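Trainee: I'd like to get better at reading a model feature by feature. Could we walk through one together?

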Amino acid sequence: MSAGVRVFAEYHRDFEEVCDVVVVGSGPGGSVVARELAAAGKDVILLEEGPPFTPEDFELDGALSMARTMREGGLRTTGGTILATMQANALGGGSLVNSAICVRAPEFTLDGWCNEFELKNTTRADLDPHYQAVEEFLGVAPTPDEVQGARNLLFRDACNELGYSSEPIARNVQGCRGSGECFTGCRTRAKQSTDISYVPAAIRDGARVFTSLQVDRLLTRGSRVWGVAGRVVRPFSSELTHQFRIQAKVVVLAAGCMATPVLLQRSDDFANGSGQVGENLQFHPGVAAMGVFPQETNPYFGATQGYQSLQFVRDGYKLETLWAPPGVFAVRLPGLGFELKKNLAMIPYAAIWDAIATCNRSKGTVRARRRGLDPALTWRLDPKDLTILAEALWRLAELFFAAGATRVLPGVHGLPEELRSLDEARRIRTREFRETDFTMAGNHVFSTTRMHGDGRMGVVDEDGRCHETDNLYLADTGILPRSPSVNPMLTLMALAHRTGQRIAARV
């Protein structure tokens, strides 16, 4: 990691610091705000609970990697409807382990935000300059064919065969070799995660970056916040050591959609006169299927997620390719013992494609637990949204057979373990599913501290500033009033870019 990042071994006693702005969280939101403020000449401290990672620290074993880079070992789930979800715990946050997908939210989606949440300055035209600034900084570009690999190009061919639109996914990478290791950390450092992009830029502009610091409360006086406090935490453990306190004119919480509401709730429910903190928890539930082809696909080579189709975004879902360590996919394959081994042996001939769904009717809550900072999550999939997931799964099966797959493994209870023809797959469209039939995951999380023009209905305004105080800002996906219809990272970074500029003008 670059110089200027303070790590666990450098804390020897309790300490205090003073700055203009303290930013909690170094992921796509916090790092952008920190860099913008540092570039404007502000005295910035950026805090991160997790440690920095170098290529030598990355583990290719999916389970071991998740245990090291994710909170709760990557095994977090919701109550109610069971949904697996993850939150990174590392310098760079989720950008360290995501697939680097950078997609602007559709114009109709942002218009919907403005109309329904009383926003005046968050149209696509309003955000385009901020999207562009982030894209230029990170070198965002469509994935070239040279690093797509067969499993991504088969998706393209299937879309062409069926007449569906498709495109190479724009990503924040430079010099990608198609190693497919985004999920466990990019060992070539081609992925421009914020730990090697925005955080070093902030340091060059004078920001101080402290890792292994767990913020557990805001320091408040009346309706204002004057800093944060917490404990030093040993990496890869829950061991807490020294105490710290950071005093600042402005506090920015970018701890993540599931952690920021917990911090506010643990700080005497600060900034929650609206009652919206921790409410409206939403996900992009995802379904995936595996297609098996007669020829080898060598799925180990290729961009982790290199192709997508936005054909059905207005219908509530986005189709895309997917890759992760085989051990991660193994939990969704049917069979035990020898049967499971036979299915694993199909992987060299396979491709995995997925769909993420916009499920605006399906909501839940985030609540602080009595002890610790891990949240208690509840969420319920609305039956009307269940039909979106079923339709998306049908499209995936349709694409696989159009690409020449001989078998599709849908991984859904009540369906055959293998679908061997398009006619067999049609039962997806006729079957009545229950929410428990699908094995779902959702790592795009939104709206627990949502933006709203009316302070009685939301937590922050369009600048990310809390309605009830003038010096507390939020900059993670919790502020999105609802789904952006596509992968959320770029939209969050655009909003954070705007927030950083607004704070700089006021401090």
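Mentor: Sure, we'll take helices, a sheet, salt bridges and a few loop residues in turn. Keep in mind that this is a predicted model.

Trainee: Let's begin with a helix. Which residues of helix H2 are buried?

Mentor: The general idea comes first: an α-helix has 3.6 residues a turn, so residues three or four places apart point the same way. Now the case here. H2 covers residues 62–69, and its buried residues are Gly62, Ser65, Met66 and Thr69. Looking down the axis of H2, you find these buried residues within an arc of 100 degrees, so they line one face of the helix.

Trainee: Which helix do the buried residues of H2 pack against?

Mentor: They pack against helix H8, residues 326–330. Have a look at the N-terminal end of H2 as well, where aspartate 61 acts as a cap. One of its side-chain oxygens lies 3.0 Å from the backbone nitrogen of alanine 63.

Trainee: And H13, how many of its residues are buried?

Mentor: 14 of its 18, so call it mostly covered, given that buried means under 20% relative accessible area. You can check its length too. With 1.5 Å a residue, the 18 residues of H13 should span 26 Å, and the C-alpha atoms at its ends are indeed 26 Å apart.

Trainee: On to sheets. In what order do the strands of the open sheet with E4 come?

Mentor: The order is E4-E18-E17, three strands with mixed pairing. Strand E4 (79–80) and strand E17 (364–368) are at the edges with a single partner strand each, so one side of each has no neighbour in the sheet.

Trainee: How many bridges join E17 to E18?

Mentor: Five, and the two strands run antiparallel, with E18 spanning residues 375–379. To find the register, put alanine 368 opposite proline 375 in E18.

Trainee: Proline 375 makes me curious about what else touches it. Where does arginine 76 sit?

Mentor: In the loop between H2 and E4. Arginine 76 is in contact with Pro375, and its other contacts beyond four places in sequence include Leu83, Met258 and Leu377.

Trainee: Is arginine 76 buried or exposed?

Mentor: Buried, with a relative accessible area of 3%. For a polar side chain like that, check for partners. The side chain of arginine 76 makes a polar contact of 2.9 Å with the side chain of glutamine 87, and another of 3.5 Å with the side chain of aspartate 374.

Trainee: Now salt bridges. How many does a search of the whole structure find?

Mentor: It finds 36. A good habit is to read each pair together with its accessibility. Take glutamate 181 and arginine 187, whose side chains meet at 2.7 Å, N to O. Glutamate 181 is buried at 14% relative accessibility, whereas arginine 187 is partly exposed at 40%.

Trainee: What about aspartate 195 and arginine 189, buried or exposed?

Mentor: Both are buried, and their side chains form a salt bridge at 3.3 Å, N to O. Set that beside arginine 426 and aspartate 423, where the closest N and O atoms are 3.2 Å apart. There, arginine 426 is partly exposed at 40% and aspartate 423 is exposed at 59%. Salt bridges can also link up: Arg104, Arg124, Asp128 and Glu135 are joined into one network through shared partners.

Trainee: Last topic, backbone angles. What is the phi of serine 447?

Mentor: Generally, most residues other than glycine have a negative phi. Serine 447 has a positive phi of about 80 degrees, although it is not a glycine. You'll find serine 447 in the loop between strand E20 (445–446) and E21, buried with a relative accessible area of 0%.

Trainee: And what is the phi of serine 485?

Mentor: Near 75 degrees, again a positive value in a residue other than glycine. Serine 485 belongs to the loop between strand E21 (472–474) and helix H13 (489–506), and at 8% relative accessibility it counts as buried.

Trainee: Which side chain makes a polar contact with that of serine 485?

Mentor: The side chain of threonine 109, at 2.7 Å. Outside its neighbours within four places in sequence, serine 485 is also in contact with several residues, among them Phe108, His284 and Lys318.

Definitions and conventions
Residues are numbered from 1 along each chain as its sequence is written. This is a predicted model: local features need pLDDT of at least 70, side-chain atom pairs count only at pLDDT 80 or more; totals for chains, interfaces and linings use all residues. Side-chain values use heavy atoms; hydrogens and water are left out. Helices (H or I, at least four residues) and strands (E, at least two) are DSSP runs, numbered from the N terminus. Buried means under 20% relative accessible area, exposed over 50%, partly exposed in between (1.4 Å probe, protein chains only). A polar contact is a pair of N or O atoms within 3.5 Å; within protein, one must be able to donate a hydrogen and the other to accept it, and residues adjacent in sequence count only if both atoms are side-chain atoms. Contact means heavy atoms within 4.5 Å. A salt bridge is a side-chain nitrogen of Lys or Arg within 4 Å of a carboxyl oxygen of Asp or Glu. The arc is that of the directions from the helix axis to the C-beta atoms. Two strands pair if DSSP finds at least two bridges between them. The expected span of a helix is 1.5 Å times one less than its number of residues.
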